[in-house]
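Subject: Structure handover

Hello,

Here is the structure for you to look over. My notes on the ligand and the aromatic residues follow below.

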Amino acid sequence: MELSRGVLVTGADGQLGSALCEEFQAETRVVPLTRAEWDVTLPPPTGLPEVDVVLHAAAWTDVDGAEASPQDAAAVNVGGTQHVLELGVPVVLFSTDYVFDGRKREPYVESDAPNPLSVYGRTKLQAEAVAGDDAWIVRTSWLHGWTGTNFVRTMLELGAERDEVAVVDDQRGSPTYVGHLAAAVRELLDLPRGRWHVAGGGDCTWADFAEAIFETAGLDCRVKRTTAAELDRPAQRPAYSVLRSERNLAPTLPHWREGLRDCLERLGS
Ligand SMILES: NC(=O)c1ccc[n+]([C@@H]2O[C@H](COP(=O)([O-])OP(=O)(O)OC[C@H]3O[C@@H](n4cnc5c(N)ncnc54)[C@H](OP(=O)(O)O)[C@@H]3O)[C@@H](O)[C@H]2O)c1
């Protein structure tokens, strides 16, 4: 797709939104909109410039918080997507591995049937339905980057303060560095629309990921492997949610360990 008019990014100061702005700025005009500039629970503001595509990165991403506030989560994730479509330009919607229930023990591909276990997962699946076949629906997983709250930044903080951290070892997925994902989104704009699974290469548990973070950052902190049942968080998460693409020409991302290295380098850790 030629990007002569530019791209509009919602949630532009989120972790993925920031990476998308950086990636696309090199090529075209970027219209970055934060929540303060467009709360997507409301219709689009008037006077927005014309663009070729909307990269819709704004979302309710508090997975546990959505259990207590399902209507608020739906207003952002489902209602927000409806409002983005009102702009009448092609949309890239970002969705999640949490649309799956995790019963499969090999990577989920685009044709696998979703069955979300959480409110968050259900709102993202509804958003996919709202966006329909005319959108690029990019399912990704376990995002980390240089802004906002994410697992890497949380572990860096905890690892600097404590000798030991308890981390879940019975959920397996693919950590994805937002810089790598943003580059793949550019590739996707030259590919057919529809659902695409795009996540970091390889897979691990959260506990494996935490160990790799401490090791790579040189932090002397042990990982106590625990279970989701022990942690007892409000939202149920899939035990297995590794994503792979079954589609021709699907972009492939570097291994998650390379994503972690790039993220830590960017964070100066
Ligand atoms: N994080 C993950 O592990 C993960 C995994 C799979 C898929 N995804 C999907 O990837 C996309 C990007 O996620 P992310 O990790 O970059 O999330 P993030 O860092 O939490 O960023 C989300 C952004 O959306 C904004 N936002 C929230 N409510 C809004 C509203 N009503 N109107 C406008 N903006 C609003 C937030 O602004 P404020 O900060 O001001 O609230 C923030 O800038 C989302 O669609 C998410 O569902 C994420």
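Start with Leu143: one of its backbone N or O atoms is 2.9 Å from a ligand oxygen. This is a predicted model, so please read every distance here as computed from it. Two side chains also make polar contacts. An N or O atom in the side chain of Tyr120 lies 2.6 Å from an oxygen of the ligand. For the side chain of Thr61, the corresponding distance to a ligand oxygen is 2.7 Å.

How much of the ligand's accessible area does the protein cover? The ligand has 900 Å² on its own, and 82% of that is covered.

The shell around the ligand holds 24 residues. Coming nearest are Leu16, Arg35, Thr61, Tyr120 and Lys124. By class, the shell splits into eleven nonpolar, nine polar and four charged residues. Three elements supply at least two residues each: α1 (15-25), β4 (91-96) and α4 (119-131). Of the elements, β4 gives the most, with three residues.

Now the aromatics. The whole structure contains nine aromatic pairs. One of them joins Phe100 and Tyr108, which are stacked, with 4.2 Å between centres and 15 degrees between planes. Are these two residues buried or exposed? Phe100 has a relative accessible area of 0%, so it is buried. Tyr108 is at 3%, so it is buried as well; the cut-off for buried is under 20%.

Phe151 and Phe209 make another pair. Why does this pair count as stacked? Their ring planes are at 15 degrees, with the centres 5.5 Å apart, and planes under 30 degrees apart count as stacked. The pair links distant parts of the chain, 58 residues apart. Phe151 belongs to helix α5 (residues 151-161) and Phe209 to helix α7 (residues 206-217). Both Phe151 and Phe209 are buried.

This pair is also part of a cluster. Phe151 and Phe209 join Trp142, Trp206 and Trp256 in one aromatic cluster.

Finally, two arginines sit over tryptophan rings. Arg247 places its charged end over the ring of Trp196, 3.8 Å from the ring centre. Arg266 lies over the face of Trp146, and its distance to the ring centre is 3.8 Å.

When you open the model, I would go to the contacts of Leu143, Tyr120 and Thr61 with the ligand, then to the stacked Phe151 and Phe209.

Best wishes

Conventions: Residues numbered from 1 in each chain as written. Predicted model: local features only at pLDDT ≥ 70, side-chain atom pairs only at ≥ 80, totals over all residues. Heavy atoms only, no water. Near = heavy atom within 4 Å. Polar contact = N/O pair within 3.5 Å; in protein donor to acceptor, adjacent residues only side chain to side chain. Areas by Shrake-Rupley, 256 points an atom, 1.4 Å probe, with all protein chains shown as cover. Helix = DSSP H or I, 4+ residues; strand = E, 2+ residues; numbered from the N terminus. Nonpolar A, V, L, I, M, F, W, Y, C, P; charged D, E, K, R; others polar. Phe/Tyr/Trp six-rings, centres within 6.5 Å; stacked < 30°, edge-to-face > 60°. Buried < 20%, exposed > 50% of the residue type's maximum accessible area, 1.4 Å probe, protein only. Lys NZ or Arg CZ within 6 Å of the ring centre and 35° of its normal.
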